[in-house]
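The exercises below are to be worked with the sequence and the coordinates open side by side. Each one sets a task and is followed by a solution in steps.

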Amino acid sequence: MRYIQYGGPAPSDLCVAETTAPVLRAGTVRVKVAASGVNRADTLQRQGRYPAPPGESDILGLEVSGVVTEVADDVGQWRAGDRVCGLVAGGGYAEEVIVNAHHLLGVPDNISLVDAAGLAEVFLTAYQCLKTIAGIERGQRVLIHAGASGVGLAALQLCRFFGVEAATTASSDDKLAQCRQAGAVLTVNYRQNDFAQVLNEQWPDGVDMVLDMVGGDYLNRNLSVLKRDGHIVCLAMLAGRYADKLDMALLLGKRAKIEGSTLRNRSDDYKTQLVSAFHRDCYSAFASGELSVNVDTVYDAADAATAHQRLEDNQTCGKLLLRW
């Protein structure tokens, strides 16, 4: 089968190559991949900074969409021909992939099979942060950084769906316009304004949660806009590995919780429960159109280098997909 190989740390080191197809195991299904989602974890792995978990494929790619072609004998919920999308801990940048049967979702008829490749990773990550970790409820307020990213736009949609008011930050007016379409009620261009100053003026009572993909000097400013007993969930470190000196007075005074989270290296059981809860709470909203996949651009698989470079340059608004 064809897959995307990386021979070095630069985007230009990506190329299409041939390898043997993966072997079906108990509890899994084989999927003929229609498209693969592109995530920052992929770029980090290519750079040698985020290796695959032990026992998982070294091939890049954490989410796919496609058609089931084979199921293990102990799998009853899927059959050949089913349109699916879902999570993998590696191996997604390939024509075929083996997926845990419990980590798949059916693709609604109103979503194209290619676009569905941009659903699982960002929406499950956003749902995990908002609901599983922070327990956000209707009527509360949140701040979502990097609002025009895949996770950011998914989180904004989920906030609107859950009846939660969301503020967001992004780097341009065009990106902020898309954030408002996704559900943001307060937007801040962080290149032009200090988000903490704007939020403290507009929402002086603060927010119940901050979803932060930036880190760095955002930490203390996040604390400054947080309500007492609020929650900061950190997903990435776009501003670098090390944060500002922590203001302990703010932390203690707010009784704040600061929690880091990943999804890729969670246990199979955790992912199974997450997929199940998301399906229960949200999945019908894709069929009704209340939730939708935010696709920026679909590239041919051979153009993976272009997709990676755009993501690293922060020149995206939504998901980049690789079509096979």
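The model is a predicted one, and the exercises begin with a helix at its surface.

**Exercise 1. Place Leu-252 in the secondary structure, classify its exposure, and identify the surface patch to which it contributes.**

Solution. Begin with the secondary structure, where Leu-252 is found in helix H7, which covers residues 248-254. Next, take its relative accessible area, which is 60%; because exposed means over 50%, Leu-252 is classed as exposed. Finally, look for its partners at the surface: Leu-252 joins Leu-246, Met-248 and Ile-258 in a nonpolar surface patch of about 360 Å².

**Exercise 2. Determine how many salt bridges the model contains, and describe the one between Glu-96 and Arg-30 together with any network around it.**

Solution. The count comes to 13 salt bridges, with a side-chain nitrogen of Lys or Arg required to lie within 4 Å of a carboxyl oxygen of Asp or Glu. One of them joins Glu-96 and Arg-30, whose closest N and O atoms are 3.1 Å apart. This pair links distant parts of the chain, since Glu-96 belongs to strand E6 (residues 96-100) and Arg-30 to strand E3 (residues 28-38), with the two positions 66 residues apart in numbering. For the exposure of each partner, note that buried means under 20% relative accessible area: Arg-30, at 13%, is therefore buried, whereas Glu-96, at 25%, is partly exposed. The last step is to widen the view, and Glu-70 then appears with Arg-30 and Glu-96 in a network of salt bridges.

**Exercise 3. Describe the salt bridges Arg-46 to Glu-312 and Asp-217 to Arg-221, giving for each the distance and the exposure of both residues.**

Solution. In the salt bridge between Arg-46 and Glu-312, the closest N and O atoms are 2.5 Å apart. Here too distant parts of the chain are linked, with Arg-46 in helix H1 (residues 40-46) and Glu-312 in helix H10 (residues 304-312), 266 residues apart. Arg-46 is buried, with a relative accessible area of 3%, while Glu-312, at 26%, counts as partly exposed. Turning to the other pair, the side chains of Asp-217 and Arg-221 meet at 3.3 Å, N to O. Asp-217 is partly exposed at 39% relative accessibility, and Arg-221 is likewise partly exposed, at 22%.

**Exercise 4. Characterise the largest cavity and the second largest pocket by volume, lining residues and residue class.**

Solution. Take the cavity to begin with: the structure holds one cavity of 30 Å³ or more, and about 40 Å³ of space lies in the largest cavity. Its lining consists of Leu-62, Leu-87, Val-88, Ala-89, Glu-121, Leu-263, Arg-264 and Lys-271, and sorting this lining by class gives five nonpolar, no polar and three charged residues.

For the second largest pocket, the volume is about 540 Å³. Of the 31 residues that line this pocket, the closest to its centre are Arg-25, Glu-56, Ser-57, Gly-90 and Ile-98. Strand E6 and helix H8 (268-282) each supply at least two residues of the lining, and the largest share, five residues, comes from E6. By class, the lining of the second largest pocket has 13 nonpolar, 11 polar and seven charged residues.

Conventions. Residues numbered from 1 in each chain as written. Predicted model: local features only at pLDDT ≥ 70, side-chain atom pairs only at ≥ 80, totals over all residues. Heavy atoms only, no water. Patch = residues over 30% accessible without salt bridge, like charges linked within 9 Å, V, L, I, M, F, W, Y side chains within 5 Å. Areas by Shrake-Rupley, 256 points an atom, 1.4 Å probe, with all protein chains shown as cover. Helix = DSSP H or I, 4+ residues; strand = E, 2+ residues; numbered from the N terminus. Buried < 20%, exposed > 50% of the residue type's maximum accessible area, 1.4 Å probe, protein only. 1 Å grid on protein atoms, 1.4 Å probe; cavity = no way out; pocket = protein on both sides within 12 Å on 5 of 7 lines; lining within 4 Å. Points joined across faces, edges and corners; volume = space filled by probe spheres on them. Nonpolar A, V, L, I, M, F, W, Y, C, P; charged D, E, K, R; others polar.
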